[in-house]
Amino acid sequence: MRGVRRLGVLVLLALVAAACGTTLNDQQASVELRKDAGSGGQVVAGGGGGTASGGVGAGSAGDTGSASGDTVAAGDASTAAGADTASGATGASDASGGAAAGGSGGGGATATTQPTGTARRHISSGGATDVGVTPSEIRVGWVGTITGPQPGLFRGALIGTQAWANYQNSQGGLMGRKITVVSGDDALDSGKNRAAYLQLKDKVFSFVGSFSINDDGGATVVNDCHCPDVSGNLSTAMQSSPYHYGPQPQPLGWRTGPAHYFAQKYGKAVIEKLAFFYSQVGAAIPLAEQNRRVYEQAGFKVVYSRGVPPNDNNQTADVVQMQRAGVKAIAFQGDLTALSKLVNAMRQQNFKVDLLNIGNSIYDSNTFKVTSADALQNAQIDQVYAMFLGEDGARIPEVKLFNDWMKKTDPNQPVDLFSMYGWLSGRLFADAMNKMADAGRNPVRTDLVDTLKTWGTWDGYGMVAPVQIGAKKPSDCWFIFTVTRDSKFARAFPAGDKNYECGYGPFSYKP
Amino acid sequence: MQTFFAFTVVGIVTGAIYAVAASGLVVTYTTSGIFNFAHGAIGMFMAFLYWELRIHHHWPAPIALVVVVLVLSPMLGALIERVLMRKLTNAPVAVSMVVTLALLVILLGVATSIWSPGEGRRLPAFFAGDDVTIAGVRVTYHELITLAIAVMTAIGLRVLLFRTRIGVTMRAVVDNRDLAGLNGVLPERVASLSWALGAALAAIAGILIAPSITLNHTLLTLLVVNGYAAAMLGRLRSLPLTFVGALVLGLAQSYLIGYGGNVTLGSFRLIDAAQVVPTVFLFLIVVFLPQVRLTAGRVVSAIEPNVPSLRASLAWSGVFLVAMTLLSTTMSDFWLFNTSTALVLGLVMLSLVLLSGFAGHISLMQMTFVGLGAITAGRIVGTGSIWSVLAAGLLSAALGAAVALPALRLQPLYLALTTLAVALLGDWAFNQSWGFSGIGGTLTIARLHLPGVRFASEQSQLVLLTAAFCLFGVFVLWIRRGPFGRRLTAVRDSPVAASMLGLNLVATKTAVFALSAGMAGVAGALYGGLRSTVSPNDFIFLQSLFVFLVASFGGLTTVIGALFGGAFLALVPELQKHVPVDSIQYLGIGIGAIALAGNPHGFGGSMSEAGTRLREKLAARRDRQQVTVPTERPPAVVAS
């Protein structure tokens with residue numbers, strides 16, 4: 001009995017303490033999200049004609065007018081049948097196709113496809129043509145990390161996918177049907193990831209926008225059920241699935257262009273004194289090895305390298321080593337926390353280098369909360385996505401559209417890399433479905449996979465450097481941005497209107 | 001030489017961080033007799049509280065410091081003592097370990113719920129931007145403060161504990177609580193003061209360390225593990241030796257980074273081992289230094305649940321297997337998979353029933369054995385074959401025996417710390433991508449196939465794992481009933497008496513470690529097959545900690561407890577989706593472990609007890625019925 005009383009008191013104390021956290025705004029949103037999370041797969045977004053579920057504030061279809069200039073009225077998708085406004089979505093691939101082939105020293109990619117009027121509506125052939133499809137609805141599944149040791153880790157990806165669905169529904173849905181997103185939570189565990197995929201595989205037409213470092217768990221399920229998966233992959237297992245296609249494929253390899261560009265820009269004196277740092281976490285090591293080889297092939301000489309463990313508490317020793325080795329350039333590949341420790345130690349020792357390429361994990365709304373802009377001066381970061389936090393809103397309309405719909409969908413969710421992946425995955429899925437509709441095909445899983453398999457180049461309306469979807473080839477293109485003194489990110493190369501540089505070297509699979 | 005001095009300065013600064021972290025640990029142990037595994041978690045929690053006041057609410061630093069270090073943390077320490085520790089005064093060491101480990105998990109869960117890990121936070125250093133140059137190295141004022149506090153703590157606490165009345169009283173309470181009470185000391189008040197002091201030191205450590213490793217829940221909590229090694233050099237008693245240990249650690253790490261870059265062994269570079277210096281140090285110290293007198297204890301009490309007969313356990317296994325097979329026909333793939341996960345984790349728990357429940361040894365590295373089993377099954381021997389499962393068991397058993405041999409003479413606390421050190425070494429090895437490959441660092445493992453039978457579907461996996469659980473359950477109970485089981489309990493209850501009776505302690509302990517590790521290894525092979533892929537994260541120390549805590553409150557002495565534990569670990573994350581409080585798994589594990597700390601047989605023991613009572617009631621009712629049935633009238637006695 002005493003045990004029971006003690007249990008009661010402890011439960012009460014813990015709940016009261018934990019409930020303090022729920023008073024925060026983002027926690028409220030998290031709770032709201034979890035309410036939607038049902039055991040049988042939880043409907044997260046839905047509602048035709050531009051309304052969004054869950055009280056997250058998506059406006060009516062007319063709201064999109066300000067963002068995209070589209071004139072499509074709100075209403076059920078079926079009423080829009082026949083209003084095929086045609087031009088955009090599937091054209092995206094062809095429009096930017098040449099960009100990836102840019103030769104050395106000169107290729108380039110611009111946002112050739114505009115989001116305005118990209119949504120298309122097609123006459124539904126009606127009927128439940130495949131799993132997750134009804135005459136009025138197409139259910140898509142999302143699997144990622146919402147709870148677990150890091151609550152809300154990839155919530156952004158879910159909200160990004162939901163934002164796309166809301167936008168798509170505001171444009172009349174897809175194939176005359178509204179899109180509904182059903183989510184599964186893997187709690188940062190590959191077993192749970194597998195379970196979530198198992199839970200949804202017989203309920204959804206396709207997986208869209210999923211994001212998890214444990215997606216190896218779901219890969220075998222996708223293979224077994226032959227379910228299309230249009231998402232960002234983080235594991236080799238998912239990348240190699242014949243049913244998985246993503247907006248930025250990530251095979252084992254590294255882009256060579258930036259290393260060659262830096263080599264040309266800085267010359268021997270700098271590139272022969274490179275320090276290479278990477279997160280010493282199993283998942284990151286293989287990619288780091290590829291990255292290092294690319295640098296070495298471009299003429300860099302690594303004079304100091306170290307895998308930084310997550311629990312490293314003082315990197316001053318590394319700085320002393322770099323000073324001793326005469327390091328002039330640093331390449332870093334790791335997470336924001338590890339990076340923050342390194343640049344803070346460098347700042348403390350007043351150690352500066354000519355080239356500080358610290359990886360695009362720095363491009364995050366949290367960056368300047370974790371480390372000061374002063375410590376990041378001279379940083380040159382290469383990236384294959386547009387500046388999706390909003391800086392590119394003026395030059396790439398898709399960025400503005402994405403940010404607008406993120407705000408409408410969940411104003412409390414910061415825009416991040418994962419939300420961009422969710423959005424882009426949705427856009428790729430929609431483009432593939434529209435292509436099928438153009439060919440007079442119904443929503444059928446095998447047809448969707450075939451469509452993706454034979455797809456050429458796609459650039460996400462300028463939001464991502466052109467990639468080869470069917471071949472799962474990442475982009476050869478990239479651009480450089482820097483950190484300004486007033487704690488902002490700014491494009492640095494290429495200059496002018498060109499959004500991406502496609503010269504200097506291809507993506508290397510076998511560096 | 002200049003460089004050597006530079007690395008020396010860096011090492012001393014790092015050592016100061018370890019010293020601050022370790023000193024609070026020593027104080028708590030010296031003044032309360034309890035090794036507080038939650039010390040780092042308290043520091044983490046207080047660092048976040050300080051951030052909340054200082055950064056989020058813009059309080060001036062001195063006021064925020066005073067409130068956190070002198071008010072809130074002592075209050076938390078006293079509260080912990082009052083609510084949790086006071087009841088453990090005469091409890092075995094193992095029980096107090098479970099409670100402090102559970103407290104660690106609870107604080108981690110609560111902090112994660114309040115301060116979302118997804119939000120970036122920075123705690124600026126004191127006097128940021130100000131520094132002095134020593135031997136060519138800029139040392140910040142913050143680091144100097146850390147160093148000064150480490151020295152002052154070592155000296156101050158030495159004076160407090162040995163030169164003041166209250167310090168002597170604190171030590172007296174630990175040495176002999178009753179005697180101290182007879183001399184007019186109020187043990188409860190002294191203990192409260194001790195915990196308040198320990199918590200305040202944890203808060204100081206957290207606030208000083210956070211600026212250098214960023215405000216990260218897990219990192220701050222586990223950084224103190226590095227302090228364990230330093231504290232152990234001082235045998236948990238000597239603050240000066242703890243300080244020396246911390247400096248040695250810091251210097252060793254610094255020199256390894258400075259000079260280990262060019263020392264290679266194949267593809268392995270010595271510099272990459274810098275992070276495991278404290279772990280190796282801890283392992284060596286625990287194993288090789290002479291032990292201090294520690295309070296002996298064990299996991300279970302003398303009265304144990306009934307052990308079913310072979311016939312009964314076979315019958316129940318049959319019923320369970322049939323029931324699960326029938327049930328499997330009605331379940332979706334999702335529930336088949338989740339139930340299978342519960343069963344395979346139940347297998348891991350069964351390995352703990354043998355080791356901790358029957359033999360009384362604590363293991364905080366059970367998932368390391370599981371990981372080794374999974375890697376063996378996926379990489380070393382033809383994956384999916386029965387040989388891969390057997391090899392997984394054998395290799396893990398070998399590791400178990402290797403860990404057991406140096407740890408045999410250790411008492412519960414030291415043994416737990418040894419397994420913790422090996423678990424952290426396992427984390428490091430797994431994170432070196434040894435055994436894993438590709439982006440995401442995964443390993444694909446085929447599902448088991450026997451000649452003519454493939455266990456490819458979710459349903460067949462459930463049946464296979466149910467059969468495996470039944471088999472292991474029957475095996476564990478068979479061991480418990482047999483001579484080896486009796487030897488285990490004898491050694492557990494009184495090693496001295498067992499030795500006097502001629503039992504070979506070394507052989508017995510090594511055998512049970514190897515057997516338990518082997519079972520965990522087999523479970524690892526099946527676990528990998530069920531999930532199809534595994535990654536290093538599946539086997540990290542925190543997972544071992546969860547398994548141990550859940551096994552503790554599931555019940556370390558019963559098969560049903562193991563099943564309950566597996567189900568808890570597998571199914572509670574599903575519950576999380578419906579509960580508006582983050583980290584319900586952390587809170588559930590922690591609260592469950594604390595609540596049932598007084599009942600070492602846990603949930604399984606309660607179930608067993610309830611079953612026994614039910615059987616007794618039924619038997620009593622049968623007896624009553626037999627009494628009321630009219631019997632044949634005895635023949636009349638006829639007088640002759």
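Visitor: Why is A:Ala187 called buried?

Guide: Count the neighbours: A:Ala187 has 25 other C-beta atoms within 10 Å. A residue is buried if 20 or more other C-beta atoms lie within 10 Å of its own, exposed if 12 or fewer, and partly exposed in between, with C-beta atoms placed from the backbone. So A:Ala187, with 25, counts as buried. Bear in mind that this is a predicted model: local features need pLDDT of at least 70 and side-chain atom pairs count only at pLDDT 80 or more, while totals for chains, interfaces and linings use all residues. Residues are numbered from 1 along each chain as its sequence is written, and chains are lettered from A and ligands numbered from 1 in the order in which they are written.

Visitor: Where is A:Ala187 placed?

Guide: A:Ala187 sits in the loop between β4 (178-185) and α6 (190-200) of chain A. Those labels are DSSP runs numbered from the N terminus: helices are H or I, at least four residues, and strands are E, at least two. A:Ala187 also has a positive phi of about 50°, although it is not a glycine.

Visitor: What makes B:Arg235 partly exposed?

Guide: B:Arg235 has 18 other C-beta atoms within 10 Å, a count in between the two cut-offs, so partly exposed is the right label. B:Arg235 is in the loop between α9 (217-233) and α10 (239-259) of chain B, and has a positive phi of about 50° without being a glycine.

Visitor: Why is B:Leu350 called buried?

Guide: Because B:Leu350 has 29 other C-beta atoms within 10 Å, and 20 or more is enough. B:Leu350 belongs to helix α13 (residues 333-358) of chain B. Leaving aside neighbours within four places in sequence, its contacts (C-beta atoms, placed from the backbone, within 7 Å) include B:Phe472, B:Met519 and B:Ala562.

Visitor: How do you know that the span of α15 in chain A is close to the expected one?

Guide: The expected span is 1.5 Å times one less than the number of residues. Helix α15 (residues 397-409) has 13 residues and reaches 18 Å from its first C-alpha to its last, against an expected 18 Å. Ten of its 13 residues are buried, among them A:Trp405 and A:Met406.

Visitor: What makes β16 and β17 of chain A a pair?

Guide: Two strands pair if DSSP finds at least two bridges between them. Strand β16 (residues 479-483) and β17 have four, in the antiparallel sense, so they qualify. A:Ile480 has A:Phe493 in β17 as its bridge partner, and a cis peptide bond joins A:Phe493 to A:Pro494, with omega about -5°.

Key:
Two residues are in contact if their C-beta atoms, placed from the backbone, lie within 7 Å.
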